[in-house]
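Here is a friendly walk through a protein chain, from its open and enclosed spaces to a few backbone details. Keep the 3D view at hand as you read.

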Amino acid sequence: MIITRRAFTAALSLTGLAALAGFTPLRLISEALAQSAADVAKPQSLPDMALGPADAAVTITEYASMTCPHCAAFNATVFPKLKAEYIDTGKVRYIFREFPLDIQAAAGSMLTRCIANGDAQKYFAVTDMLFRSQNDWVVKNTTETLTRIGKQAGLSQQQVEACLKDQALLDKIAADQKYASDILRVDSTPTFFINGEKLKGESSIEEFQKRINPLLKS
């Protein structure tokens, strides 16, 4: 789904997130030709949240939705291995970008940005926490649960509410999502770009190794 500013009050009120803009169905887009690394690396509306050195030989960019079960499974089983083998050793720079597929995902992304306040380490920590507790905050009352998570991370009730009503932040997430959809042809999550080469779906560590290792040798 692509975020728009069009009101969709009925659906939003069901989750207690009536402050957020509405969503229109995700436009299914035909598979694009290989994107250039330059297209993927272009500056976005929001600053990139990244781990690993900026001059690493390989850059992996992940587009994910906070409510996507495949993204959560990847985060739990594959990402820790990628981090230990490639990111922590300085071989890979890893960028995480938001591609919310529903209003709960948009709210989760907004809260993560607010809690992190530009700190990439904190951003990835909160992202990990939301993925691991996905069943709790997505299935139950989203606003209530996200408010509790925000407070645990040090935000006040007022700060959480202000964050989830921040239209400027939502607009930036929407702009980045639109770029990913229109230019990079992202139409599902998770989608990865490894030095510009697209890899769709919840891939194994072996698949990443197969693609990363030749780039490290070149």
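## The largest pocket

Three elements, α2 (37-41), β4 (58-64) and β5 (92-98), each give at least two residues to the lining of the largest pocket. Please keep in mind that this is a predicted model. The residues that line the pocket are Ala37, Val40, Ala41, Asp48, Thr59, Thr61, Arg93, Ile95, Arg97, Phe193, Asn195 and Gly196.

How much space lies in the largest pocket? The value is about 170 Å³. By class, the lining of this pocket divides into 5 nonpolar, 4 polar and 3 charged residues.

## The chain as a whole

Stepping back, the protein chain has 218 residues, and buried residues make up 48% of them. Its secondary structure comes to 11 helices and 7 strands.

The contacts can also be sorted by sequence separation. Taking contacts between residues at least 6 apart in sequence, 76% join residues at least 24 apart.

## Two enclosed cavities

Now for the enclosed spaces. Rolling a probe the size of a water molecule over the atoms shows where empty space is left. In the whole structure, a search finds 2 cavities of 30 Å³ or more.

The largest cavity holds about 60 Å³ of space. Its lining is made up of Glu62, Cys71, Phe74, Asn75, Phe79, Tyr94, Phe96, Phe124, Thr127 and Phe131. The elements that contribute two or more residues to this lining are α3, β5 and α6 (120-132). By class, the lining of the largest cavity has 7 nonpolar, 2 polar and 1 charged residues.

In the second largest cavity there is about 40 Å³ of space. Gln44, Leu46, Pro47, Asp48, Arg97, Glu98, Arg113 and Asp176 form its lining, which divides into 2 nonpolar, 1 polar and 5 charged residues. Asp48 and Arg97 may look familiar: they line the second largest cavity and also appear in the lining of the largest pocket.

## Helices α3 and α4

Two packed helices are described by the angle between their axes and the distance between the axes. Helix α3 spans residues 69-77 and helix α4 spans residues 79-87; their axes come within 4 Å and cross at roughly 45 degrees. That angle is why α3 counts as oblique to α4.

Which residues meet here? On the α3 side they are Phe74, Asn75, Ala76 and Thr77, and on the α4 side Phe79, Pro80, Lys81 and Leu82. The residues of this contact divide into 5 nonpolar, 2 polar and 1 charged. Phe74, Asn75 and Phe79 belong to this contact and also line the largest cavity.

## Ala180 and its contacts

Is Ala180 buried or exposed? Ala180 counts as buried because its relative accessibility is 0%. This residue is found in helix α10, which covers residues 167-182.

Leaving aside residues up to four places away in sequence, Ala180 touches Tyr63, Phe99, Arg185 and Val186. Its partner Tyr63 is 117 residues away in sequence, while the C-alpha to C-alpha distance between the two is 8.3 Å.

## Helix α8 and what follows

Helix α8 runs over residues 142-152, and its buried residues include Thr142, Thr145, Leu146, Thr147, Ile149 and Gly150. Just after α8, Gly154 takes a positive phi of about 105 degrees.

## Backbone details around β6

The loop between α10 and β6 (191-194) holds Pro190. The peptide bond leading from Thr189 to Pro190 is cis, with omega near -5 degrees. Arg185, already met as a contact of Ala180, lies in the loop between α10 and β6 as well. Although Arg185 is not a glycine, it has a positive phi of about 60 degrees. With 29% relative accessibility, Arg185 counts as partly exposed.

Past β6, the loop between β6 and β7 (197-200) contains Asn195. Asn195 is not a glycine either, yet it has a positive phi of about 50 degrees. At 31% relative accessibility, Asn195 counts as partly exposed. Asn195 also brings us back to the start of this tour, as one of the residues lining the largest pocket.

How values were computed:
Residues numbered from 1 in each chain as written. Predicted model: local features only at pLDDT ≥ 70, side-chain atom pairs only at ≥ 80, totals over all residues. Heavy atoms only, no water. Axes fitted to C-alpha atoms, helices over the stretch in contact; angles between N-to-C directions. Parallel < 35°, antiparallel > 145°, perpendicular 65-115°, else oblique. Contact = heavy atoms within 4.5 Å. Nonpolar A, V, L, I, M, F, W, Y, C, P; charged D, E, K, R; others polar. 1 Å grid on protein atoms, 1.4 Å probe; cavity = no way out; pocket = protein on both sides within 12 Å on 5 of 7 lines; lining within 4 Å. Points joined across faces, edges and corners; volume = space filled by probe spheres on them. Buried < 20%, exposed > 50% of the residue type's maximum accessible area, 1.4 Å probe, protein only.
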